[in-house]
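Thanks for coming. I will walk through one chain today, a few places at a time, and keep to what can be read off the coordinates.

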Amino acid sequence: MPGLTPNAASNGSPYCRYDSAASGWGWENGASCVVYQSAIDPGAGSFDHCKVGKEEIAYCADGAEQWGFANGRYCIARDFCPGNAHKTQAEQSQALVTATASEASQAVFAYLNRIWGRKMLAGQMDLTWDDSIDMRQRVIDVTGKSPAIMGYDFMNYGAYGSISGLTQTEEAIAQWDAGGLVTFAWHWRDPSGETANFYVGQSEASKNTNFTIPVKDAELDRQSEAFIAIEHDVDLIASELQKLAQANVPVLWRPLHEAAGGWFWWGRERTDGVPAGYAQTLLWRYMYDRLTNYHGLNNLIWVWNGQNAIWYPGDDVVDIVSTDIYDGERNTESQIDYYQLTAAYPHQEKMVALSENSNIPDPDLMQADGAWWLWFMVWNDGAVNTTEDHSSNFWTGEYYNTDAHKKHVYNHELVITQDELPSF
């Protein structure tokens, strides 16, 4: 975004990073925020802490790079706090963070590097909890072309009593074998099994989860029942990722998505003094180590989607950065502000993807603004009983994208569809 939005206003409210509501008030990280230089902005404040949502995190003494912990207190490096400093990013790496990456994964990553800044890949999210609906075919029915990337989700894997949504691994293998690319997310249900949800609990009557990342003395509490449950689930998903590896399928792997939103348990507001962003960073780095070093998975391209700078887990465990944008209906702008904000998160330049979206940016506007999203990923059709305009149907119908716009995008010279991908 042009210029540098400071951390917080003089009234103590954090400045919005994403929201630009005309009222001047936004909502981010589970709390109200003020739109910088709006009519209600009282002016920038100067505080001895970093303000993120409801959290007030003390600044570390000089020398800390991101987080610190001393005398039972957590702190954050002043320059790591959003709005305090522009980053001077190191040059982009052409190598994956997994040193032992498979040849196919390296080939995909090299291809992505070649096209970034020149073209955008078309993507569509599968209806990951209902095997009866074929989102890929729905795209073909409208545009005559297949998405270059299909999105899948391990949402229903585990002991949740589901009889649908358990063929995602096989569908992803078929997508790769047909010449397409694959990305996976994981709506990770309550590891404890006390609920079958991933949304945070709000009350005793809620069916949502109260599960919290277990942290003790600035590390994951590996002796806790919560950690044992986490490790069980990670190992469960590792077995599915291993099936993909055995089929030589590179996976654009996007775990712990939208953490800063606070609506999923891996990003929930905490009451134990541990900054939520720090806890998620511990979990991300543990997952990277467990999947890469313990399970030996070499087919993962790590896509970070935390949605806020202090949730960034480190350049050594991230290959691509991304953001999710849901912004009403029929907005085809390039989303350049969000692009620039996301691109600025890492300390080393990384490719930038639009990992979930309602509206598809117009490729002409994307090119004009320099918002070179590596791919877009239209969300699925959640209103399974209708193919009419509906706010839960992100592809079918014209609530978000008109059929004319879909055809314009899928037939645009700047947009790559499955038939235009090389053989990896």
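When I say helix or strand, I mean a DSSP run, at least four residues for a helix and at least two for a strand, numbered from the N terminus. By that count, Val142 belongs to helix H2. One caution before going on: this is a predicted model.

Let me stay with H2. Two packed helices are described by the angle between their axes and the distance between the axes. Here the partners are H2, residues 135-143, and H8, residues 403-410; their axes come within 9 Å and cross at roughly 95°. Angles of 65 to 115 degrees count as roughly perpendicular, and H2 and H8 are therefore roughly perpendicular to each other.

Which residues make that contact? From H2 there are Val139, Val142 and Thr143, and from H8 there are Asp403, Lys406, Lys407 and Tyr410. Sorted by type, the residues of this contact are 3 nonpolar, 1 polar and 3 charged.

Back to Val142 itself. Leaving out residues up to four places away in sequence, Val142 touches Trp395, Asp403, Lys406 and Lys407. Take Lys407: the two residues are 265 apart in sequence, yet their C-alpha atoms are 7.1 Å apart in space. Is Val142 buried or exposed, or something between? Its relative accessibility is 22%, so Val142 counts as partly exposed; the buried class stops at 20%.

Lys406 turns up again in another role. Lys406 lies over the face of Trp395, 4.8 Å from the ring centre. A second case of a charge over a ring is Arg290, which lies over the face of Tyr294 at 3.6 Å from the ring centre.

That brings me to aromatic rings. How many aromatic pairs does a search of the whole structure find? The search finds 32. One of them is Tyr15 with Tyr36, an edge-to-face pair with 5.1 Å centre to centre and 75° between the planes. This pair links distant parts of the chain, 21 residues apart: Tyr15 is in the segment before strand E1 (25-28), and Tyr36 is in the loop between strand E2 (31-34) and strand E3 (49-52). Tyr15 has 2% relative accessibility and so counts as buried, whereas Tyr36, at 30%, counts as partly exposed.

Another pair is Phe69 with Tyr74. Their ring centres are 4.6 Å apart and the planes are at 45°, so this pair is tilted. Phe69 counts as partly exposed at 33% relative accessibility, and Tyr74 counts as buried at 10%.

There is also an aromatic cluster, made of Trp186, Trp188, Phe198, Tyr199, Phe211, Trp263, Phe264, Trp265 and Trp266.

Next to some of those rings is His257. Where is His257 in the chain? His257 is in the loop between strand E13 (251-254) and helix H5 (276-294). His257 has 0% relative accessibility and therefore counts as buried. Neighbours within four places in sequence aside, its contacts are Trp186, His187, Phe264, Trp266, Asn305, Asp324 and Glu356.

Now two backbone points. Gln307 is not a glycine, but it has a positive phi of about 75°. Gln307 is in the loop between strand E14 (300-304) and strand E15 (320-325), and at 15% relative accessibility it counts as buried. Arg330 is not a glycine either, and has a positive phi of about 55°. Arg330 is in the loop between E15 and helix H6 (336-343), and with a relative accessible area of 47% it is partly exposed.

Last, two exposed residues. Asn71 is in the loop between strand E5 (67-70) and strand E6 (73-76), and its 81% relative accessibility makes it exposed. How far is Asn71 from Ala90 in space? They are 19 residues apart along the chain, and their C-alpha atoms are separated by 33 Å.

Glu56 is in strand E4, residues 55-58. Its relative accessible area is 51%, and the exposed class begins over 50%, so Glu56 is exposed. Residues up to four places away aside, Glu56 touches His49, Cys50 and Lys51. Glu56 and Pro14 are 42 residues apart in sequence, with 9.8 Å between their C-alpha atoms.

That is the tour.

Terms used: Residues are numbered from 1 along each chain as its sequence is written. This is a predicted model: local features need pLDDT of at least 70, side-chain atom pairs count only at pLDDT 80 or more; totals for chains, interfaces and linings use all residues. Side-chain values use heavy atoms; hydrogens and water are left out. Axes are lines fitted to C-alpha atoms, for helices over the stretch in contact, and angles run from 0 to 180 degrees between N-to-C directions. Angles under 35 degrees count as roughly parallel, over 145 as roughly antiparallel, 65 to 115 as roughly perpendicular and the rest as oblique. Contact means heavy atoms within 4.5 Å. Ala, Val, Leu, Ile, Met, Phe, Trp, Tyr, Cys and Pro count as nonpolar, Asp, Glu, Lys and Arg as charged, and the others, Gly among them, as polar. Rings of Phe, Tyr and Trp (its six-membered ring) pair if their centres lie within 6.5 Å; planes under 30 degrees apart count as stacked, over 60 as edge-to-face and the rest as tilted. Buried means under 20% relative accessible area, exposed over 50%, partly exposed in between (1.4 Å probe, protein chains only). A charge sits over a ring if NZ of Lys or CZ of Arg is within 6 Å of the ring centre and within 35 degrees of the ring normal.
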